[in-house]
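Q: Please pick one part of this structure and look at it closely with me, step by step. I am in my first year, so please explain each term when it comes up.

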Amino acid sequence: MFSETEYTYIKNLVITHVLKGEYNYYVCYTETDISSSYNADTDDVHCIFTKEKITSSNNTFRIQNGLKVSIDSNQASRNANNGRRFAFTESNGTVSVPIYEFIYSNAEGTKYADLIAQEEINIGNHLDLNEFYMIPMFMALLIMMLFLKWCFPMKGGKNV
C-alpha cells in the first residue's frame, strides 16, 4: 500500500504532469519486494506518463513513448551511503503489474481509481465554499426586495 508520503507525492506528481497538460495518461503502482532477502535499494513506487492513450487489460498496461518515474522512498539512512530517490527513464511496450500491488490510473479500460478525478471536477467548477454561499444570499436579497416593493408600492407619475 502507498504510504501517506508516497500517496501525496505521486498525487502531486500526477497533478503536475497531467493536469498541466504535459502528459495525458498515467499509471502509478507499488513494487513490493517479496523475496526472502529484503533489499532496501529497490524502488517502491513507479509512475508512467504518456501523451498517447494507455490501454489496460487486467493488470497489463500498453504504453507508448512513456516517461517512467521510479521512486525509492526508503533510501536514506544516517550511517550508510545514500543512493538516489528518483530515476527517470523511458518506457515502451507492456507493463505487467502483479495482482497484489496497488494501482492508480486513468488508462482506457482500467478498473482502478483515478488519483485526479476529484481534482478535475474541482478545477472545472471554479466555485469555492464562500462563492457557493453567496448565491442563496443574493437570491434571498432579491426576494426581500420584491416583497418590500409589493408591501410598500411607490407612488409615481404626475401630480394632478
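A: Thr60 in strand S4 has Ser96 in strand S5 as its bridge partner, and these two strands, S4 and S5, pair in the antiparallel sense over 10 bridges. Strands here are DSSP runs of type E with at least two residues, helices are runs of type H or I with at least four residues, and both are numbered from the N terminus. Two strands are said to pair if DSSP finds at least two bridges between them. The model is a predicted one, in which local features need a pLDDT of at least 70 and side-chain atom pairs count only at pLDDT 80 or more, while totals for chains, interfaces and linings use all residues. Residues are numbered from 1 along each chain as its sequence is written, and side-chain values use heavy atoms, with hydrogens and water left out.

Let us follow S4, which covers residues 60-71, to its other partners. Strand S3 (residues 55-57) is joined to S4 by 3 bridges and runs antiparallel to it, with Ser57 standing opposite Thr60. S3 and S4 form a hairpin that has 2 residues between the strands, and Asn58 in the turn has a positive phi of about 60 degrees. S4 also pairs with strand S2, again in the antiparallel sense, over 5 bridges, and there Val45 has Ile71 of S4 as its bridge partner.

A residue of S4 worth a closer look is Ser70. Ser70 counts as buried because its relative accessibility is 6%, where buried means under 20% relative accessible area, exposed over 50% and partly exposed in between, with a 1.4 Å probe and protein chains only. The side chain of Ser70 makes a polar contact with the side chain of His46 at 2.9 Å. A polar contact is a pair of N or O atoms within 3.5 Å; within protein, one must be able to donate a hydrogen and the other to accept it, and residues adjacent in sequence count only if both atoms are side-chain atoms. Leaving aside residues up to four places away in sequence, Ser70 touches several others, among them Asp43, Val45, Arg85 and Phe86, where contact means heavy atoms within 4.5 Å.

From S2 (residues 45-50) we can move on to strand S1, since 6 bridges join these two antiparallel strands; one of the pairs is Val27 with Ile48 in S2. S1 also pairs with strand S6 (residues 103-105), in the antiparallel sense and over 3 bridges, and Tyr29 has Ile103 as its bridge partner there. In S1 (residues 25-30), 5 of the 6 residues are buried, so this strand is largely enclosed by the rest of the structure.

The loop between S5 (86-96) and S6 holds Glu101, which is buried, with a relative accessible area of 8%. Glu101 touches Thr30, Glu31 and Thr32, not counting residues up to four places away in sequence. Its side chain makes a polar contact with the side chain of Thr30 at 2.5 Å, and a polar atom of the Glu101 side chain lies 2.7 Å from the backbone nitrogen of Thr32. Glu101 and Phe2 are 99 residues apart in sequence, yet their C-alpha atoms are 9.6 Å apart in space.

On the other side of S6 in the sequence, Ala113 has its place in the loop between S6 and helix H2 (117-125). Ala113 counts as partly exposed, at 42% relative accessibility. Among the residues beyond four places away in sequence, Ala113 touches Ile103, Tyr104 and Ser105, and its C-alpha atom is separated from that of Ile103 by 7.5 Å.

Finally, to set these strands in the whole, the protein has 3 helices and 6 strands, and from the N terminus on its elements run α-β-β-β-β-β-β-α-α. Of its 160 residues, 28% count as buried. Among contacts with a separation of 6 or more, 63% are between residues 24 or more positions apart.
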